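Biologist: Before I rely on any label in this model, I would like to hear the reasoning behind each one. Could we take them one at a time?

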Amino acid sequence: MKLEWLRDLAKPVNKVSTQAALARQENLTKPAGSLGQLESLAVRFAGLQGREIPQLKRIAIRVFAADHGVAARGVSAFPQSVTAQMVQNFCSGGAAICVLADSLGAEFKVVNLGCVAAVPAHPVLVDAIIAPATQDFTVAKAMSAPQLEAALNAGRNQVNETDMFIGGEMGIGNTTAASALLAALYHLPAEVMTGHGTGIDETALKRKVAVIDQALALHDATVQDPMALLGALGGFEIAALVGAYITCAQRGIPVIVDGFITTAAAAIAVAVNPSIKPWLVFSHLSDESGHAVALAKLGVTPLLSLDLRLGEGSGAALAANLVRQALNLHGSMATFAEAGVADAD
Ligand SMILES: Cc1cc2ncn([C@H]3O[C@H](COP(=O)(O)O)[C@@H](O)[C@H]3O)c2cc1C
Ligand SMILES: O=C(O)c1cccnc1
């Protein structure tokens with residue numbers, strides 16, 4: 001596989017800019033620390049962007065869409081045809097992420113990596129079709145080595161110069177793939193990592209756990225090669241996210257990770273290339289059970305907890321508003337000296 005680029009080191013965080021931003025925060029007209037995590041966010045972005053006053057003008061949002069063979073096993077509350085239908089909804093502006101992307105003024109594209117139903121061409125839609133769907137991973141590897149390579153490269157190709165990257169996903173059945181990947185990566189029982197996804201009932205949840213157990217046994221999940229796990233248990237959209245996240249970190253572009261499925265992609269990406277971790281900002285705690293465990297395993301704390309369980313990049317887009325305000329405050333508040341306000345004794 002010509003995937004050597006996956007392991008190239010991420011751009012280092014700029015310590016000088018971090019220190020300058022910390023010093024600026026100390027001088028702004030507020031008690032030190034009173035803006036809490038908004039202060040640390042601004043300082044973090046200063047280090048990532050390599051400037052004392054970071055900016056967030058350009059935001060790129062890419063929703064990666066693909067179908068999953070494992071959907072045939074009755075693991076979702078919705079039929080597989082919804083993936084392609086939602087891709088069309090992303091194109092016509094009716095999905096939640098479209099509304100949020102619009103209000104952020106973000107550059108928005110949908111990347112079709114392969115849906116069972118055909119999707120008509122549209123200016124917002126990028127055709128990166130690999131196959132109509134992955135294989136059902138209870139009977140075969142989800143994807144072949146060339147398919148995995150194509151998906152990783154499709155994600156990499158979506159990274160252009162921007163101030164921040166948000167990846168979203170759409171693919172009926174993809175919480176099953178995400179749960180399987182996380183259970184395998186962290187050696188955890190399937191039931192710890194598996195939730196209700198789009199809203200399956202308890203009977204279907206038992207089936208979903210059994211399906212994941214079957215896949216973990218088939219693919220010998222004890223083998224800890226994250227790329228092998230991704231090929232065996234992943235989805236084209238999850239692999240594209242892995243490629244995009246790693247590329248962003250290598251090119252010095254901060255990423256906001258969305259919910260459960262994108263966290264599975266982030267976990268694989270960090271396992272493949274640990275140097276990328278500082279570039280991943282985790283937006284929210286999803287309502288999907290297993291997410292809290294995955295975030296704890298990664299050692300990260302998300303910004304928000306709003307009981308969201310949508311995906312599409314929606315939680316990340318919401319958090320982008322918060323980051324924008326953190327940077328606004330950092331860049332535009334007056335210092336004690338500028339405002340003639342007495343500093344603490
Ligand atoms: C209308 C609709 C819009 C969505 N937008 C995101 N998802 C979310 O639900 C899917 C994962 O859940 P499961 O594994 O249970 O199929 C993904 O496509 C995900 O992004 C949606 C799901 C539906 C039905
Ligand atoms: O948190 C997510 O990404 C999520 C949870 C449930 C269904 N779809 C997405």
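Modeller: Helices are DSSP runs of H or I with at least four residues and strands are runs of E with at least two, numbered from the N terminus. By that rule, G243 belongs to helix α10, residues 236–251. This is a predicted model, in which local features need pLDDT of at least 70 and side-chain atom pairs count only at pLDDT 80 or more, while totals for chains, interfaces and linings use all residues. Residues are numbered from 1 along each chain as its sequence is written, and chains are lettered from A and ligands numbered from 1 in the order in which they are written.

Biologist: Why is G243 called buried or exposed?

Modeller: A residue is buried if 20 or more other C-beta atoms, placed from the backbone, lie within 10 Å of its own, exposed if 12 or fewer, and partly exposed in between. G243 has 28 C-beta neighbours inside 10 Å and is therefore buried.

Biologist: Which residues are in contact with G243, leaving aside its neighbours within four places in sequence?

Modeller: Contact requires C-beta atoms, placed from the backbone, within 7 Å of each other, and on that basis G243 touches A151, L152, N153, A154, G155 and R156.

Biologist: What makes D307 and E312 worth setting side by side, given that D307 lies in the loop between α12 (291–298) and α13 (314–332)?

Modeller: E312 lies in the loop between α12 and α13 as well. Neither is a glycine, yet D307 has a positive phi of about 60 degrees and E312 has a positive phi near 70 degrees. Their surroundings are labelled from the neighbour count: D307, with 9 C-beta neighbours inside 10 Å, counts as exposed, whereas E312, with 27 other C-beta atoms within 10 Å, is buried. Leaving aside neighbours within four places in sequence, E312 is in contact with V63, A95, A96, I97, G168 and M170. In an unreviewed UniProt entry, the annotation "active site" covers E312, though such annotations may be inferred rather than shown by experiment.

Biologist: How do you know that the span of α8 is close to what is expected?

Modeller: The expected span is 1.5 Å times one less than the number of residues. Helix α8 (residues 202–218) has 17 residues and reaches 24 Å from its first C-alpha to its last, close to the expected 24 Å.

Biologist: Why are the buried residues of α8 placed on the same side?

Modeller: The buried residues of α8 are K208, V209, V211, I212, A215 and L216. They cover an arc of only 160 degrees around the axis, taken from the directions from the helix axis to the C-beta atoms, so they sit on the same side of α8. The cover over these buried residues includes α6, α7 (190–193) and α9 (226–233), while the face turned away from the buried side carries the exposed residues T203 and A217. After α8 comes D220, whose phi is positive, near 45 degrees.

Biologist: What makes up the shell around ligand 1, by class?

Modeller: A residue belongs to a shell if its C-beta atom, placed from the backbone, lies within 6 Å of the molecule. Ligand 1 is surrounded by 18 residues, the closest being S76, T175, G197, T198 and G311. By class, seven are nonpolar, nine polar and two charged. Helix α6 gives the most to this shell, with three residues.

Biologist: Which residues surround ligand 2?

Modeller: Among them are T175, G197, T198, D258, F260, E288, R309 and G311.

Note on methods. Ala, Val, Leu, Ile, Met, Phe, Trp, Tyr, Cys and Pro count as nonpolar, Asp, Glu, Lys and Arg as charged, and the others, Gly among them, as polar. Two residues are in contact if their C-beta atoms, placed from the backbone, lie within 7 Å.
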